[in-house]
Amino acid sequence: MILLELFLTFFKIGAFTFGGGYAMLPLVQREVAERGWLDAESIINFIAISESTPGPFAVNIATYVGSQVAGIPGAICATSGVVIPSFIVILLVAKFFMQFRENRIVKGCMSGLKPAVVGLIGSAVLSMALTVFVPTGFSMETMSSAAFISSVCIFILMTVLAFKKVHPIVIIILSALIGIACGYLF
Amino acid sequence: MKDKMLIYLQLFLTFMKIGAFTFGGGYAMIPLIQKEASEKHKWVTDADILEIVAIAESTPGPIAINAATFVGYRTAGFWGALVSTVGIVLPSFLIILLISYVMQEFQHIEAVRYAFSGIRAGVLALIIKALWSMYRKSPKGAVAYFIMGASFVLAAFLKMNILIVIVFCAVLGLTASLIASGRDKK
């Protein structure tokens, strides 16, 4: 039952997304790509879309994948799935564990989870880099192609801009424009 | 009874407004939540907002959703939490559904494909910037660096199940901090 699978998959993602933002990118990549719901390129495309719309990434990608896979019912199942775990946890925390934040066990776990997120996002960056720069694999031919060179140049330029705190939407629009220009010029 | 209905409606509409107008994800929503929920409606205090932000760091789920659930619960119990959460999620849900259908129409246009190949390079830059931010906010020290390296290698090269990596790192962090605090007491 695809609806159930959507719900359970995104429930899993929602339950383990700590540290916000793109912390669980590798989890999303695995779960979604392995089921053939979205390919690696589409996931990266969607990150850009999510940056340009309101709403957190985890929720947005649940809605998107859900709708691509099974229309509106799919979107509802996936989105509910991703939201419900945190809903339940917050209710429990609000009701029972007012000292949640100071709890030694929580603090201890977080001291392990925060660096883990760094390593995990690092691994996501690695696989994303492969998809962005060498989607068809390494070879002398691809590495001297216009597509490769232009994507490297865009990447370097945008990294500089990102660290200069240029707004993500500006970066996305610039990347799009340069991408179009390179596509037609080279 | 009518009073309760009014509160539910107010919560729903307020969080829908917040959910519709906050771009850039996560923390960007907090000032707006503070303005609406604390200043304007006086449903919670500023101290509560600080508390939920701190709590949300250690719970699964995006911070905006967590904050909505928390404020809703504090204001009007379970149903308050429910309408607030649905409210904050609904705008992005609808927008992404729209985008999902539109994307299918535009995907085969050449310019769009060029744009997205540029965009993907830009997204990589954004994620690397996010990675850097997470690194800066992460605990440092021998255990932390070990966890960063281990989680990276386990996920990127050994392709280990991400959930197992997460649990492993949480346990490691917890153990390390308990050992450290045990040592301090002596």
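Start by selecting A:Thr17. At 5% relative accessibility it is buried, because the cut-off for that label is under 20%. Keep in mind that this is a predicted model.

Zoom out slightly to place the residue. A:Thr17 lies in the loop that links helix 1 (2-15) and helix 2 (25-34) of chain A.

Next, show A:Ile13. Its backbone oxygen is 2.5 Å from the side chain of A:Thr17.

Now add the contacts of A:Thr17 outside its neighbours within four places in sequence. These are A:Met24, B:Thr59, B:Pro60 and B:Gly61.

Colour by chain and turn to the interface. Here 91 residues of chain A contact 83 residues of chain B. The two chains bury about 7,900 Å² between them, with 79% of it on carbon and sulfur atoms. Select A:Pro54, A:Phe87 and A:Ile90: they supply 8% of the area that chain A buries against chain B, more than any other three residues.

Move on to the polar side of the interface. There are 9 residue pairs in polar contact between chain A and chain B, both residues at pLDDT 80 or more. The count of salt bridges between the chains is 1. To see it, select A:Glu41 and B:Arg120; their closest N and O atoms are 3.6 Å apart.

Finally, show the helices of chain A. Those that each supply at least two residues to the side touching chain B include helix 3 (40-51), helix 4 (57-96) and helix 5 (104-133). Helix 5 gives the most, with 25 residues. Colour that side of chain A by residue class: 57 are nonpolar, 25 polar and 9 charged.

Definitions and conventions:
Residues are numbered from 1 along each chain as its sequence is written. Chains are lettered from A and ligands numbered from 1 in the order in which they are written. This is a predicted model: local features need pLDDT of at least 70, side-chain atom pairs count only at pLDDT 80 or more; totals for chains, interfaces and linings use all residues. Side-chain values use heavy atoms; hydrogens and water are left out. Helices (H or I, at least four residues) and strands (E, at least two) are DSSP runs, numbered from the N terminus. Buried means under 20% relative accessible area, exposed over 50%, partly exposed in between (1.4 Å probe, protein chains only). A polar contact is a pair of N or O atoms within 3.5 Å; within protein, one must be able to donate a hydrogen and the other to accept it, and residues adjacent in sequence count only if both atoms are side-chain atoms. Contact means heavy atoms within 4.5 Å. Buried area is the accessible area (1.4 Å probe) that two parts lose on being put together, summed over both. A salt bridge is a side-chain nitrogen of Lys or Arg within 4 Å of a carboxyl oxygen of Asp or Glu. Ala, Val, Leu, Ile, Met, Phe, Trp, Tyr, Cys and Pro count as nonpolar, Asp, Glu, Lys and Arg as charged, and the others, Gly among them, as polar.
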